Structures are given as structure tokens and as C-alpha cells.
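User: Please take a close look at the ligand site in this structure. I would like one connected account of what surrounds the ligand and where the surrounding residues come from.

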Amino acid sequence: MAEELHRSMHDIEQAQQKFKGLLESAPDAIVIMDEKGNITLVNKQCENIFGYQKDELIGANMELLLPERFRSTQQEQPKSIHDIPGVRSTDIGLEVLGRRKNGEEFPIEMSISPLETEEGLLVTAAIRDISEKKRMEKEIREANVTLEKKVQKRTAELEIKNKELEQFAYVASHDLQEPLRTTSSFVELLRKQYHGRLDEHADRYIDYVIQASDRMKTLIKDLLDYSRIGREKQFEPVNCNLALAEVLADLTKVIKENQAEIVAGPLPVVNAFATELKLLFQNLISNSIKFQQPGIAPHIEITTAKQTGYWHFQIRDNGIGIDKQYQQRIFIIFQRLHNRSVYEGSGIGLAHCKKIVELHGGKIWVESEVGKGSTFHFTIAD
Ligand code: ADP
């Protein structure tokens, strides 16, 4: 009997030792208190964080660890830890200000677990000093604000530069038209009046000048159109089904000549610049018809999918495809992959498309494999 008693005393002692060991090795300050916050046990970490000695804390109220303004008055003792003003629940536990013995206040995170015992409710609070975490959060927040400001400034600068460039392109192409008109009308006159009257070389040279000035006219017109996109226009609801129908009607001749088949799923109504959106469809569809594999009739599919915040359009063709290395370059103004004698064009169509899509807060890109067709993707903000 005595031996049994001795063994169980020994067990209890061992359990207490284990408990103490656990308590002391915890990374957090641990405070064990009764329901009213009267402290019965603390660990070393608690002394370290708050700067009190153990015996100063045991028997004192938990409120001693909080700033004075959050402590309750004598009359209204807190009924539970949650009644202490300034204690705020978070996902992990409670976030609140703590107060060290020297009066310094600092942010703490506190998780509270109640335990029913024979002597009543025991509450364990695990308290973590989160000054460092808060300081880092603040630093990250400030860094983000600075970064955001820098990005805004940079974007504004780029927008100004872009506007200036557009203005330049507009003025230059506009002003170039006049001398070009003069040049072409005079060579035209030369041709009319002197063709066959000079020698063979002279006739050929005159023809070259005429061809070159015609080409220059097209380039300048393209450039002018490009810089005009989105000028003084208004956003309006555009039914893409109707816009597409109009584009297809305009392209009837090319569609027939090439025996192209165009299939479109139901398209949305989007807030857009109506004329520009039609031009976008028109450029992409006519490219899909133009860049066909010899002997294969063009088959084009147009689909859309709603995503959060935008519409995703896809125009898929069965044409010649585009090598991966050129898939970015084709969206740059006047960039082409083919000689004009193979596929005619000036290389501005996709630059137009890019500008139009960006005007609508979207992006444009292509997925393609040579010989297997291309899918042009673009998004329009909802
Ligand atoms: P253009 O049609 O006047 O050449 P674009 O800017 O519309 O100018 O197109 C640039 C280049 O991108 C084209 O020259 C062509 O090489 C390539 N491209 C455009 N669309 C397609 C397509 N659907 N399939 C294959 N290549 C294409």
C-alpha cells in the first residue's frame, strides 16, 4: 500500500516536472490564471517579455500586463478576459497592446484556452511579442506604397511620352501628305506628257517614282489612321454580334473569292469604341483569310469566354501559322514577315489591333505553329 502511494507520488512529481519543462521551453510567454484573470503561474519567457519577476506576477491580475487605460476600475471587475477593453479577436487569437514593467507598450498576440478543473476554470494565455512582426508589416506596407507611387509616376510619364509620340506621328504624317501630293501630281504629269518621248530608261524611272509615291501615300495614310485611333471618341455599349455581322458584310467579296468559312459563337455586348472594335475584327479576320495555306479554304472560328473583369476573345484560323520567334514582333508597326509580292500589306494591321485592344484595357497575343494555323487572343475589360 505504502509502496503504491510512493509510486503514485513519484508519478505525480514526474508529471509536474514534465509540465514545468514544457512551460519553460515554450517560445511564448505563458500565463495561467483563474476566470477573473488572477495569475497563478507564469513561465520564464513571461518574465523576459514583460520585465517582471515571477513573484510580482503570481497573485496579481492579468491586467497588470496591459496598458493602464485598458485596465478595469475597481468597481467593474472584468467577468472574463474578453471583457478587457482593447482586447481584439483575430484569426489566430487576440491582438492587443501589452505593457512592460518599465511602462513601454508593445503589440502582443494572445491565444487563450480555457480548461475546466475541479478548482474551477483555468485560463491559459500564450502571449507573443509581435513588435518585430508589426515593424516588418509596417515596412512592407510603406515599401508597397512607395512602389505604387513610383509605378504611378512612371506610368504617367510613359503616357505623356506616348501621347507626344502619337502627336508627332499625327503631325508628321499629316504634314508629309502635302509635299507628297505635289511630288505625285508632278510625276503623274511627267508621265502623261513625256511618256514615250524620252528614252526607255526615263519611262522606267518615272514609273518607279510613281510606284514609290503611291506606296508612300499608303504608309502615310496608315500612320495617320494609327495615330487617330481613339481620338475624341466615346465608349458605348457595342453588340459584338452586330459589329461582326457588319464586318463580314464589308468583307463579302474577299470571303467569297477565298471560299472562307467563318463560324462565330454568341458574342457579348461590351463597352467599347464601336468603329475601332469593328476595325479590330476586320483586321484579324482579313489576316486569317489572307495568310492561308495554298489550296486550303480558310476556316475561321470566333469564340468568347467571360472571365472575372474581362471578356476573352479568340480568333482561330487554319492558315500558314507564325513561327514562335516572330510572335511578338508582328504587333509592332510596319513589321511584316513576308514580301509584298507574296502577301500584300504594309504591316500596320496588328499594330492597329494592339492599340485598339489596349485602348479597351486589354491585351492581345497569338498562339501559333507554322503550318497549323494561328489563334489570336485578345481581352476587353468588362
Ligand atoms: P500585314 O497584314 O499588312 O502584313 P499585319 O500587321 O496585319 O500586317 O500583320 C503582320 C504580319 O503578321 C503579317 O505580315 C504576317 O506575317 C503575320 N500574320 C498576321 N496575321 C496572321 C495570320 N492569321 N496567320 C499567319 N500570319 C499572320
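Analyst: A polar contact here is a pair of N or O atoms within 3.5 Å. This is a predicted model, and the distances below are computed from it.

By that cut-off, the side chain of N287 makes a polar contact with the ligand: one of its polar atoms lies 2.8 Å from a ligand oxygen atom. K290 also reaches an oxygen atom of the ligand, with a polar side-chain atom 2.9 Å away. D317 faces a nitrogen atom of the ligand instead, and an N or O atom in the D317 side chain is 2.9 Å from that nitrogen. The protein buries 97% of the 530 Å² that the ligand exposes when taken alone.

The shell extends beyond these contacts. In total, 21 residues surround the ligand. N287 and D317 are among the closest, together with R336, G347 and L350. By residue class, the shell holds 10 polar, 8 nonpolar and 3 charged residues. The space that the ligand takes up is the largest pocket.

Next, the secondary structure behind the shell. Three elements supply at least two shell residues each: helix 8 (274-290), helix 9 (349-359) and strand 13 (374-381). Helix 8 gives the largest share, 3 residues. Both N287 and K290, whose side chains approach ligand oxygen atoms, fall within the range of helix 8, 274-290. L350, one of the closest residues, falls within helix 9, 349-359.

As for the chain that carries this site, its secondary structure comprises 9 helices and 13 strands. The chain is more spread out than a compact globule, because its radius of gyration is 39 Å, well over the 21 Å that the globule rule gives for 382 residues. The C-alpha trace spans about 135 × 45 × 35 Å along its principal axes.

Methods: Residues are numbered from 1 along each chain as its sequence is written. This is a predicted model: local features need pLDDT of at least 70, side-chain atom pairs count only at pLDDT 80 or more; totals for chains, interfaces and linings use all residues. Side-chain values use heavy atoms; hydrogens and water are left out. A residue is near a molecule or strand if one of its heavy atoms lies within 4 Å of it. A polar contact is a pair of N or O atoms within 3.5 Å; within protein, one must be able to donate a hydrogen and the other to accept it, and residues adjacent in sequence count only if both atoms are side-chain atoms. Accessible areas come from the Shrake-Rupley method with a 1.4 Å probe; for residues, only the protein chains shown count as cover. On a 1 Å grid over the protein atoms alone, a cavity is a set of points where a 1.4 Å probe fits but cannot get out, and a pocket is an open set with protein on both sides within 12 Å along at least five of seven lines; lining residues have an atom within 4 Å of a point. A molecule sits in a cavity or pocket if more than half of its atoms lie within 2 Å of its grid points. Helices (H or I, at least four residues) and strands (E, at least two) are DSSP runs, numbered from the N terminus. Ala, Val, Leu, Ile, Met, Phe, Trp, Tyr, Cys and Pro count as nonpolar, Asp, Glu, Lys and Arg as charged, and the others, Gly among them, as polar. The radius of gyration is taken over C-alpha atoms; the globule rule is 2.2 Å times the number of residues to the power 0.38.
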